[in-house]
Amino acid sequence: MGGTPEVGYVLKRLRPITPAFDRLKDESRLEGYWMLVRLADGWASGRNKFLKRGEALFGAWHGAELAGVCGLNIDPYAGGRDQGRVRHLFVSAPHRRAGLGRMLVETVIDRARHYFTVLNTRAPQEAFGFYERLGFRRVEGEEFVTHRMVFGKGS
């Protein structure tokens with residue numbers, strides 16, 4: 001892995017039904033991002049509980065505070081079950097620039113390479129550099145994918 005975040009962050013599997021998640025969801029919504037609202041809705045409806053083969057939802061905790069989240073799903077926009085997708089990455093404002101986003105996505109990458117042949121994401125323009133520094137390649141001409149990481153044999 002790359003740079004280590006500040007000491008004090010603990011990554012654990014997450015169930016987004018806690019007051020700590022609600023606080024993070026509200027922060028994301030106030031910033032104009034709806035991914036955590038969609039995550040909560042998918043969980044509550046049972047559409048997406050991150051329980052299929054290879055899937056996981058991770059939370060980064062700083063004490064009792066949920067500082068960030070990132071998930072891994074089978075890519076719902078791909079034809080088969082061999083492509084994973086980075087989902088719902090969000091880091092709380094006070095915890096940005098500490099390497100936490102990198103830690104979350106690298107955890108997803110490490111898990112994805114055991115279950116999928118590729119890992120996709122659809123990133124906003126301002127996050128393109130972040131994903132490219134992590135080893136994702138830009139994808140042109142696909143509606144639901146801006147970046148992809150291909151896992152080689154033996155990865």
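1. Start with the second largest pocket of this predicted model. Its lining residues split into 8 charged, 5 nonpolar and 4 polar. There are 17 lining residues, and R47, N48, N73, P76 and R87 are the ones nearest the centre. Helix 2, strand 3 (65-74) and strand 4 each give two or more residues to this lining. Helix 2 has the largest share, with 3 residues. The volume comes to about 340 Å³.

2. Now the largest pocket, which holds about 1100 Å³ of space. Its lining counts 29 residues, with L89, P124, A127, F130 and Y131 nearest the centre. By type, the lining divides into 15 nonpolar, 10 charged and 4 polar residues. Four elements each put in at least two residues: helix 2 (35-45), strand 4 (83-91), helix 3 and helix 4 (128-133). Which element supplies the largest share of this lining? That is strand 4, with 7 residues. Strand 4 also turns up among the contributors to the second largest pocket, as does helix 2, so keep both in view when you look at the two pockets.

3. While you are on strand 4, have a look at H88, which is found in this strand. H88 isn't a glycine, yet its phi is positive, near 60 degrees. Is H88 buried or exposed? Its relative accessible area is 10%, so H88 is buried, the cut-off being under 20%.

4. R97 is another non-glycine residue with a positive phi, here about 70 degrees. R97 sits in the loop between strand 4 and helix 3. With a relative accessible area of 87%, R97 counts as exposed, because the cut-off for that class is over 50%. So H88 is buried, whereas R97 is exposed.

5. Past that loop comes helix 3, residues 100-112. The length checks out: at 1.5 Å a residue, its 13 residues should span 18 Å, and the end C-alpha atoms are indeed 18 Å apart. Is helix 3 mostly covered or mostly open? Mostly covered, since 10 of its 13 residues are buried. The buried set is L100, G101, M103, L104, V105, E106, T107, V108, I109 and A112. Note that E106 is on that list, along with T107. As background, an α-helix has 3.6 residues a turn, so residues three or four places apart point the same way.

6. On to the aromatics, where the count is 5 pairs. One of them is Y115 with F116, a tilted pair with 6.5 Å between the centres and 55 degrees between the planes. The partners differ in cover: Y115 is partly exposed at 30% relative accessibility, while F116 is buried at 4%.

7. F130 and Y131 make an edge-to-face pair: their ring centres are 5.1 Å apart and their planes stand at 80 degrees, and the label follows because anything over 60 degrees counts as edge-to-face. F130 is partly exposed, with a relative accessible area of 21%, whereas Y131 is buried at 5%. The 21% of F130 falls outside the buried class because that class needs a value under 20%. Together with F136, these two residues form one aromatic cluster. F130 and Y131 are also among the residues nearest the centre of the largest pocket, so this pair is worth viewing alongside point 2.

Conventions: Residues are numbered from 1 along each chain as its sequence is written. This is a predicted model: local features need pLDDT of at least 70, side-chain atom pairs count only at pLDDT 80 or more; totals for chains, interfaces and linings use all residues. Side-chain values use heavy atoms; hydrogens and water are left out. The expected span of a helix is 1.5 Å times one less than its number of residues. Buried means under 20% relative accessible area, exposed over 50%, partly exposed in between (1.4 Å probe, protein chains only). Rings of Phe, Tyr and Trp (its six-membered ring) pair if their centres lie within 6.5 Å; planes under 30 degrees apart count as stacked, over 60 as edge-to-face and the rest as tilted. On a 1 Å grid over the protein atoms alone, a cavity is a set of points where a 1.4 Å probe fits but cannot get out, and a pocket is an open set with protein on both sides within 12 Å along at least five of seven lines; lining residues have an atom within 4 Å of a point. Grid points are joined across faces, edges and corners, and a volume is the space filled by probe spheres set on the points. Ala, Val, Leu, Ile, Met, Phe, Trp, Tyr, Cys and Pro count as nonpolar, Asp, Glu, Lys and Arg as charged, and the others, Gly among them, as polar.
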